[in-house]
Protein chains: 2
Amino acid sequence: MVTTQQTKRLLNYRTALHHLKNIGFHRIYSYTLGNEVGVSADIVRKDLSTLNVSGKKRGGYDIGPLIERLEDYFSIHEDHEVILFGAGNIGRALMNYSGFRKNKIFIIAAFDNDPMKTKTGNDIPIYPMVEAERFINQHGINVAILAVPANAAQHVCNQVISYGINSIMNFAPVVLKVPKRVHVSNINLYDELMNVFFMGRTLKEPEL
Amino acid sequence: MVTTQQTKRLLNYRTALHHLKNIGFHRIYSYTLGNEVGVSADIVRKDLSTLNVSGKKRGGYDIGPLIERLEDYFSIHEDHEVILFGAGNIGRALMNYSGFRKNKIFIIAAFDNDPMKTKTGNDIPIYPMVEAERFINQHGINVAILAVPANAAQHVCNQVISYGINSIMNFAPVVLKVPKRVHVSNINLYDELMNVFFMGRTLKEPEL
DNA sequence: TAGATTGTTAATCGATTAACAATC
DNA sequence: TAGATTGTTAATCGATTAACAATC
């Protein structure tokens, strides 16, 4: 079984491998790759072995095929379509975020209740919320990003699930209640940053 | 010892408790709070017991003092000052993000290399990068947010560490290499969203 | 009192690390 | 060949879960 933690490491390996390839590497040792993403060589080897990738004893892993295997595993070469709820600060930043587009993730529409924010001429149209159900069905969308205010999040969440969404990336500082079949990934910017402050205060270890 | 995971749960408890208080609760059971943040009652009790908070057998925990204890623990009532590097999409969204200000986290300045983006009239001044060292020293800043392009991230990171920063929240899709005394929290939006797509494809469990 | 809930100790589970044989 | 690295199995570590006595 592949866990969420492992999945995130695999995505990290992919990023690191692209970087290493760009700077001229063709082969990589588990030790080097681990160092690059901040995990041990043992974990790298174990992760890769669960993907049935094998290296050469003493020769390491070929970067090209390894990237291919990772990208196949995540179906990275396919287009990924997602819709966005909430065209506020965070929502707009995500619409313009090139890191998605470069990797074939496309926010194909946004939805907002504020009529001031809806407009359809742009790259990414922003529709009123009432259009969401039709749009989701028409385009067969499964994944939604929630960047709505905290007090609206659970309500919008319930709605989009009823329209057929089964995976949600949630930026609202609320732990959403969803049926088991729905997957939610929470990004709580305040918690993350507060935690950074806290760790900075706590960590007083000697320098490397 | 309090782990990072535990720390994040504690912040989640705080948010949930504020919510519960707002809707009229004064007491809470470990079971209820756990349900609210998606963890077991056992974990809630254990977490709270490491904070030396005690409840009443059969009566649960008083919400008011519990919130106080959590906010003391994180020094939430103090002002927290942080500076931002990179005034692109993500950077600007963070500058306008009310979730920080509401909780006494203030981005007091931003830095960017692009002269088109620097301006000082606004709420949050945006300075050229060369001003960073002076600013950090003058204001005694320890925490920085990095929202710069991937290819600049390690360089900017090295710089800010040399200026005295010891805690970093990093939005660039790069695993930063830092001395042990420096704490980094990575937020990789692409990885998160790709993982949501992946989980949506993987999870085909029966409905709740 | 009986029932419910806390607080803590013990058992389980899973993930990381260590160890090492295989082999290039 | 000797040395280095993979791939896998066993040992360790830590976190979650189960169990249960204390008690309101």
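**Figure 1. Protein surroundings of DNA strand C in the predicted model.** In this predicted model, 22 residues surround DNA strand C. The closest of these are Ser30(B), Arg45(B), Gly55(B), Arg58(B) and Tyr61(B). Sugar or phosphate accounts for 60% of the strand C atoms within 4 Å of the protein, and bases make up the rest. By class, the surface near DNA strand C comprises eleven charged, eight polar and three nonpolar residues.

**Figure 2. Polar contacts of chain B with DNA strand C.** Two of the contacts shown involve phosphate oxygens of DNA strand C. An N or O atom in the side chain of Ser30(B) is 2.6 Å from a phosphate oxygen, and a backbone N or O atom of Gly55(B) lies 2.7 Å from a phosphate oxygen. A base of the strand is also contacted: a polar side-chain atom of Lys57(B) lies 3.0 Å from a base oxygen.

**Figure 3. Helices that contribute to the surface near DNA strand C.** Both protein chains take part, with α1 (4-22) and α3 of chain A and α3 of chain B each supplying at least two residues. The greatest contribution comes from α3(A), which provides four residues.

**Figure 4. Protein surroundings of DNA strand D.** DNA strand D is surrounded by 22 residues, and the closest are Ser30(A), Arg45(A), Gly55(A), Arg58(A) and Tyr61(A). Of the atoms of DNA strand D that come within 4 Å of the protein, 60% belong to sugar and phosphate. The surface near this strand has eleven charged, eight polar and three nonpolar residues. Residues are supplied by α3 (41-50) of chain A and by α1 (4-22) and α3 (41-50) of chain B, at least two from each. Among the contributors, α3(B) gives the most, with four residues.

**Figure 5. Polar contacts of both protein chains with DNA strand D.** From chain A, a polar side-chain atom of Tyr61(A) lies 2.6 Å from a phosphate oxygen of the strand. From chain B, an N or O atom in the side chain of Asp42(B) is 3.2 Å from a base nitrogen. Lys46(B) likewise reaches a base, with a polar side-chain atom 2.8 Å from a base oxygen.

**Figure 6. The largest cavity, lined by residues of chains A and B.** A search of the whole structure finds one cavity of 30 Å³ or more. About 70 Å³ of space lies in the largest cavity. Its lining consists of Ile90(A), Ala93(A), Leu94(A), Phe171(A) and Leu189(A), together with Ile90(B), Ala93(B), Leu94(B), Phe171(B) and Leu189(B). The elements giving two or more residues to this lining are α5 (89-96) of chain A and α5 (89-96) of chain B. By class, the lining has ten nonpolar residues, with no polar and no charged ones.

**Figure 7. Helix α9 of chain B and the cap at its N-terminal end.** Helix α9(B) spans residues 189-202 and has 14 residues. From its first C-alpha to its last, the helix reaches 20 Å, close to the 20 Å expected at 1.5 Å a residue. The helix is mostly covered, with twelve of its 14 residues buried. The buried residues include Leu189(B), Tyr190(B), Leu193(B), Met194(B), Phe197(B) and Phe198(B), as well as Asp191(B) and Glu192(B). One of these, Leu189(B), also appears in the lining of the largest cavity. At the N-terminal end, Asn188(B) caps the helix through a side-chain oxygen that lies 3.2 Å from the backbone nitrogen of Tyr190(B).

Notes:
Residues numbered from 1 in each chain as written. Chains lettered and ligands numbered in written order. Predicted model: local features only at pLDDT ≥ 70, side-chain atom pairs only at ≥ 80, totals over all residues. Heavy atoms only, no water. Near = heavy atom within 4 Å. Polar contact = N/O pair within 3.5 Å; in protein donor to acceptor, adjacent residues only side chain to side chain. Nonpolar A, V, L, I, M, F, W, Y, C, P; charged D, E, K, R; others polar. Expected span 1.5 Å × (residues − 1). Buried < 20%, exposed > 50% of the residue type's maximum accessible area, 1.4 Å probe, protein only. 1 Å grid on protein atoms, 1.4 Å probe; cavity = no way out; pocket = protein on both sides within 12 Å on 5 of 7 lines; lining within 4 Å. Points joined across faces, edges and corners; volume = space filled by probe spheres on them.
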